[in-house]
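This report walks through selected local features of one model. Keep the sequence and the 3D view open while reading.

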Amino acid sequence: MLAMVAWQNDSVAKQLLQLILLHAAWMMGSGQLHYSVPEESQHGTFVGRIAQDLGLEVEELVPRMFRMMSKGQEDYFEVNVQNGILFVNSRIDREELCAKNLECAVHLEVIVDKPLRVFHIEVEIRDINDNAPIFSASEQILSIAEFITAPGTRFPLEGASDADIGTNALLTYKLRPNDYFIVEQKTGDQHNKPLAIVLKKPLDREEAPVHRLSLTATDGGKPELTGTVQLVINVLDANDNPPVFNQSVYKVTLMENAATGTLVIKLNATDLDEGINKEISYSFTNHVPLNIQKIFTINSNTGEIIVNGRIDFEDISVYDLQIVAENKGNLPLSGHCQVIIEVLDVNDNAPEVSVSSLSVPVPEDSPLGTVVALISVSDRDSGTNGQVSCSLWPPGLPFKLASTFKNYYSLVVSELLDREQVAEYKLMVMAQDQGVPPLSASGSLLVPISDINDNAPTFAQPSYTVFVKENNPPGAHIFTVSASDPDVAENSLVSYWIDEKLWPLTSYISVHSESGKVYALQPLDYEELKLLEFQVRAKDAGLPSLCGNVTIQVFVVDENDNAPAVPGTTEENPILLVLPMGSGHTVGKIHALDADSGYNAWLRYELHEVTSGPWRVGLYSGEISTIRPLDEAEVSRSQNLLVLVKDHGKPQLSTTATLSVSLVTSAQAIKTDTRLSRTGESPKSLVDNVNVYLIIAICSVSSLFLLAVIFYVALRCRCQAKEAMVYGPGTATLVCASEVGSWSYSNRHSHILAGVSGEAGAKSDLMVFSPNIPTSADNGKQQDLLCATVSI
């Protein structure tokens, strides 16, 4: 027990030294942590300070979701996230884990997030001498003929097996001292270490028919462990020549997956005896396991070894068969040989692809090098048959495979992502080995791309033109704006609004935040407001939100809602006509005004049906003149002329004006002139004054109209090239309106304009001019000229 404690202390010291050396080697560039720990270590045994060796702070282990994975193996190890120490979690039996392999290690993956990193740790499991040598049976029986068997003859024995490796499995044998036998163990290659006992002197069955010897096997571990077998030697008479093989050891190669019935080798043993003592029967010794005897069969007469089961290199790469050849004498003798069958690997295992730690969805703004998934590839074959290369399919994807360690890869982002172009990627990881013919396997991944708010809402046009008839009902829907956002979810949820600070605009217009419908909050009056121009903004619900805007021009379309009006009264100032008077003489003029514009303000004058006499009125001028000569015979007649004034609107509105006319002779006119001279005025001067004012007003308005036309022509010449490039030829509608009149012209696409304004039945190539000639009664009122180019 004390020796065991001392050995363990010495082992701990060596372990610490190895850890220091391995850590230094890793820091110099290996990229992998390497620890070692003895097998059968108790739970909690210290392995290494993994957090410190990986360069991680102990405080960040939990926030970064520190975790450890052991692929296809039990959880032999665990990490204390409070101090970052790797310790033994469960019992480790190296023999159960790695059998007789010299190298035995447990591969661990350590994964931390934020950012995602992967570390590879290899923990070497060191062998301890925990397995004693074991013989397959408690006793071995040999038959040796008396006298005939010469001293120095070797009799093969089945040695003991030790599950340990290295010096712990290096066995030495010792035979209990006796007069007839000694034990002999020759050294050779790993498959040729025959154990035998050697006869020192001839046997005498009569003296001792049975010899019982104790054979002890001792391994090279510290402390040493032993195993014992009882040798029972029966001394035989007669048949004194055993069968002899021409080789003690046969080595053959066999391809894996060899078909049933394939001949492996044909053995040949000879016997110098004659007759029945020379006849030989071949068989497997009792030391060949039953499962091996199911894979191979041996013909007892010919010595042929034939494949009878499945040969799999990945299960067993070398078969060691012990063969016995026994003659058929009364006292049969036997010879032994060893057949070593080396299985050659065939590329019969396709690679295996495993995907772990798939981090999806991947944000579309992920930086280059972002780890998406961890991929491991394995192939059970060996040599070139087990060497695997990986690739992604289809090519041209914004991802690549980065090798991290041996057959471990990381799928990383190699190009910038855009969810609006590709929302998800379906890719395959193709693995192919280098065997002949090569075998391949694949693993599929679905990598969805998550959206970020990188697109602002956009409108189909930078601006819209809307035509609305005046006197609309309050709250009428006049237009609908719509913006699109290629993002998804809340990033594409668009709301609309008008700046509430833009008063008094907000008293006229409102926009529904969800539908984008534009409403007129109150009736619009063309005589007060002809154009509303404003911007509607669209904002998405992303964080941070993005905005877009569009300009809307609302033109108010005039309706015939104002009847003509005649300023002043004509009955209070009657017109005196001095007779005689010729035909066509101008008596006076009716001047009416209409607050509407265009056709609605284009007036016409007619005499009412009740009016009779030698009078007529100008259809559009309103001038009243005589239609025949008047003489003194009609002096007593005084008449009231009723003039009907109509506009051209629909429905047509009208008004009446009364003009009082008095007919006098020249003598009466003298009296009237005398009265008028007292007041400083005369009918003739009044008429002359009105005509002067009328001429001045007509000239002023005509000048303003001419200047507006000249300015418009100059502006169109300057912008013609730009408009042709932006809108295309014939895609603009000019609308002008003033107190003088209004006209509009649609060159090509009036039907589109009608669709925008909501008017049905618009005609192409339509020009309309509606004069509204002012008179001096306008009192110098400034004329409004509204011109706008409407883009379709």
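A disulfide joins Cys98 to Cys104, with the sulfur atoms 2.0 Å apart. The model is a predicted one. One disulfide is present in the structure. The torsion about the S-S bond of Cys98 and Cys104 is about 70°, so the disulfide is right-handed. Cys98 and Cys104 are both buried. Another cysteine, Cys337, has a relative accessibility of 3% and therefore counts as buried.

**Salt bridges**

The structure holds 15 salt bridges. Three of the pairs are set out here.

| Pair | Closest N to O distance |
|---|---|
| Asp93 and Arg91 | 3.3 Å |
| Asp127 and Arg94 | 3.3 Å |
| Arg419 and Asp451 | 3.1 Å |

Start with the pair of Asp93 and Arg91. Asp93 has a relative accessible area of 17%. Buried means under 20%, so Asp93 falls in that class.

Next comes the salt bridge between Asp127 and Arg94. Asp127 sits in the loop between strand 7 and strand 8 (139-145), while Arg94 belongs to helix 3 (residues 94-98). The two are 33 residues apart in sequence, so the pair ties together separate parts of the chain. Both partners, Asp127 and Arg94, are buried. Cys98 of the disulfide falls within the residue range of helix 3, 94-98.

The third pair, Arg419 and Asp451, meets through its side chains at 3.1 Å, N to O. This pair links distant parts of the chain, 32 residues apart. Arg419 is in the loop between strand 29 (408-413) and strand 30 (424-433). Asp451 is in the loop between strand 31 (440-450) and strand 32 (458-459). Is Arg419 buried or exposed? Arg419 is buried, with a relative accessible area of 10%. Asp451 has a relative accessibility of 17% and also counts as buried.

Salt bridges also form a network. Arg310, Asp312, Asp315 and Arg380 are linked in this way.

**Cis peptide bonds and positive phi**

Which residues does a cis peptide bond join in the loop regions? One such bond runs from Lys114 to Pro115, with omega near -5°. Pro115 lies in the loop between strand 6 (105-112) and strand 7 (117-126). Another cis bond joins Val360 and Pro361, where omega is about -5°. Pro361 lies in the loop between strand 24 (352-356) and strand 25 (362-363).

Lys114 deserves a second look. Its phi is near 55°, a positive value in a residue other than glycine. Lys114 is placed in the loop between strand 6 and strand 7. The relative accessible area of Lys114 is 67%, so this residue is exposed.

Asn257 also has a positive phi, near 65°, and is likewise not a glycine. Asn257 is in the loop between strand 16 (249-255) and strand 17 (263-266). With 37% relative accessibility, Asn257 counts as partly exposed. The class follows because partly exposed covers the values between 20% and 50%.

**Surface patches**

Which residues gather in a patch of negative charge on the surface? They are Glu74, Asp75, Glu78 and Glu96. Asp75 is found in the loop between strand 3 (67-69) and strand 4 (77-80). Glu78 falls within the range of strand 4, 77-80. Glu96 falls within the range of helix 3, 94-98.

A nonpolar surface patch is made by Leu704, Leu706, Leu707 and Ile710, and its area is about 410 Å². Leu704 belongs to helix 7 (residues 683-726). The relative accessible area of Leu704 is 47%, so Leu704 is partly exposed.

**A buried leucine**

Leu213 is in strand 13 (residues 210-218). Is Leu213 buried or exposed? At a relative accessible area of 5%, Leu213 is buried. The C-alpha atoms of Leu213 and Leu175 are separated by 7.1 Å. Along the chain, Leu213 and Leu175 are 38 residues apart.

Terms used:
Residues are numbered from 1 along each chain as its sequence is written. This is a predicted model: local features need pLDDT of at least 70, side-chain atom pairs count only at pLDDT 80 or more; totals for chains, interfaces and linings use all residues. Side-chain values use heavy atoms; hydrogens and water are left out. Patches are made of residues with over 30% relative accessible area and no salt bridge: like charges are joined within 9 Å, nonpolar side chains (Val, Leu, Ile, Met, Phe, Trp, Tyr) within 5 Å. Accessible areas come from the Shrake-Rupley method with a 1.4 Å probe; for residues, only the protein chains shown count as cover. A salt bridge is a side-chain nitrogen of Lys or Arg within 4 Å of a carboxyl oxygen of Asp or Glu. Lys and Arg count as positive and Asp and Glu as negative; His and the chain ends are not counted. The place of a charge is taken as NZ of Lys, CZ of Arg, CG of Asp or CD of Glu. Helices (H or I, at least four residues) and strands (E, at least two) are DSSP runs, numbered from the N terminus. A disulfide is a pair of cysteine sulfur atoms within 2.5 Å. Buried means under 20% relative accessible area, exposed over 50%, partly exposed in between (1.4 Å probe, protein chains only).
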